[in-house]
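Trainee: I should like to learn how the features of a protein model are read. May we work through one together?

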Amino acid sequence: MTASDPTHVPDVAALRERVQQIWPGVRSDLEDLVRIPSVSNSDFDQAHVAASARAVADLLTGAGMPEVQILSVDRPDGSPGAPAVVARRPAPAGAPTVLLYAHHDVQPPGADTDWDTPPFEPTESGGRLFGRGAADDKAGVVAHLGALRTLADDLRVGVTVFVEGEEEVGSPSFTTFLHTHRDLLAADVIVVADSSNWRVGVPGLTTSLRGLVDLDVEVAVLDHAIHSGMFGGPVIDAVTLLSRLIATLHDDRGDVAVAGLHHAADPAVDYDEDAFRADAGVLDGVQLAGTGPISSRLWTKPTIAVIGLDAPRVATASNTITPKATAKLSMRIAPGQDPQAALEALRSHLIDHAPFGARVTVRDGELGKAFQAPADSEAMRAARQAFSDAWGTDPVDIGIGGSIPFIADLLEVFPDAAILVTGVEDPDSRAHGANESVHLGELQKVVLAEALLLARLAH
């Protein structure tokens, strides 16, 4: 294929008008999907995940995809994987095949009191649609649907739509799924619609993603709880010692202080501090941690966060010295860092810095590889032009601090495919948090951009 073929330029105005025509249906479909509480965490009812898969399959059938299946494979532990939807429309002779990826599962909603509106009742306010999964990633699902409907019978490439059902729990069966259905999913270009744009009004192409390492670290000092008055003094409680251990993970400037971790080159663009503070909701007076450009601290340097803590609850605490406490650590690693080596570096640091000789036990969790896109490719040039046409402004090459570990799996199984990481979110989408939302005007541009991309890839 020649993405920049000057003999065929998509009619941007005509496609824009077509997107306007189909938009009410696209929005309605997104609202219907948001109403399905498809939380893939095993503590929630998985019947909703199955219902979400059926709804997506029905939508793809209605969008003219002739081959639609709901498939699953077992996870490494032998348990059944979540249902994924695969829809195919074979390529015309000589045309490439494009794989469009999204996921239909969502994060747990958290406490209802943290939301301004019910998490599974889509609500529009200020041009945004609020609800769990409205951005991550049911908007990605309907972006693919919208592009297919926009092109309809003028679709001149082969298309496979792959909508996963367990991304939010780490895609445990993803690698097995790829190998099992390799022929079904094979493509020349893969579009992963699970990232973000630079800001409202400025599109972004994600060229780097940090990898992921997580683990549980337990600190133990006693074989049972003891009275804090009778025995307090010679023995420091496990929560305090765990806190001291966690404090060694960063230096006084807030940079990660674990030896052996890699950081990549600083990005070409930076994040304005005032904009970052507003987007992240940083409280007045709180200083930003770390050194170097904010974009580097977000995209190309390692980070470590405590995302969970097992210790006595304040409401039920007794007057005793806690014998053990556990923290779940989430470490993001820079592009170019081997996740296994990063895990070993973090494990060694935790054990070597055990406070007061406390017993430190590390239990390994998830590992995910980082991603660095090629600096240029035919598919990337086609995407940049499509985004520029859709938004009326050139896209920005961005990194993402979060991780999409399965991209490395895609590259391993399909090494010759060009991977484009696009998205529907913006800095105020609050994916994974309360009051998650998608900007409806931006989603409409995403639909147009993807339709333009598919049209360009055909030539």
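Trainee: How much area does the protein chain expose, and what share of it do carbon and sulfur atoms supply?

Mentor: Accessible areas come from the Shrake-Rupley method with a 1.4 Å probe; for residues, only the protein chains shown count as cover. Here the protein chain exposes about 19700 Å², and carbon and sulfur atoms supply 50% of that area. This is a predicted model, in which local features need pLDDT of at least 70, side-chain atom pairs count only at pLDDT 80 or more, and totals for chains, interfaces and linings use all residues. Residues are numbered from 1 along each chain as its sequence is written, and side-chain values use heavy atoms, with hydrogens and water left out.

Trainee: What percentage of the residues in the protein chain is buried?

Mentor: A residue is buried under 20% relative accessible area, exposed over 50%, and partly exposed in between (1.4 Å probe, protein chains only). Buried residues make up 51% of the 459 residues in the protein chain.

Trainee: How many helices and strands does the chain have?

Mentor: Helices (H or I, at least four residues) and strands (E, at least two) are DSSP runs, numbered from the N terminus. The protein chain has 13 helices and 18 strands. Its radius of gyration, taken over C-alpha atoms, is 23 Å, close to the 23 Å given by the globule rule for 459 residues, so the chain is as compact as a globular protein of that length; the rule is 2.2 Å times the number of residues to the power 0.38.

Trainee: What share of the contacts joins residues 24 or more positions apart?

Mentor: Contact means heavy atoms within 4.5 Å. Of the contacts in the protein chain with a separation of 6 or more, 80% are between residues 24 or more positions apart.

Trainee: Is T97 buried or exposed?

Mentor: T97 counts as buried because its relative accessibility is 18%. T97 is found in strand β3 (residues 97-103). Leaving aside neighbours within four places in sequence, the contacts of T97 include G158, T160 and D188. The C-alpha atoms of T97 and G158 are 4.2 Å apart, although 61 residues separate the two in sequence.

Trainee: Where does P415 lie?

Mentor: P415 lies in the loop between α12 (406-413) and β17 (418-425). With 55% relative accessibility, P415 counts as exposed. The C-alpha atoms of P415 and D188 are separated by 9.8 Å, and the two residues are 227 residues apart along the chain.
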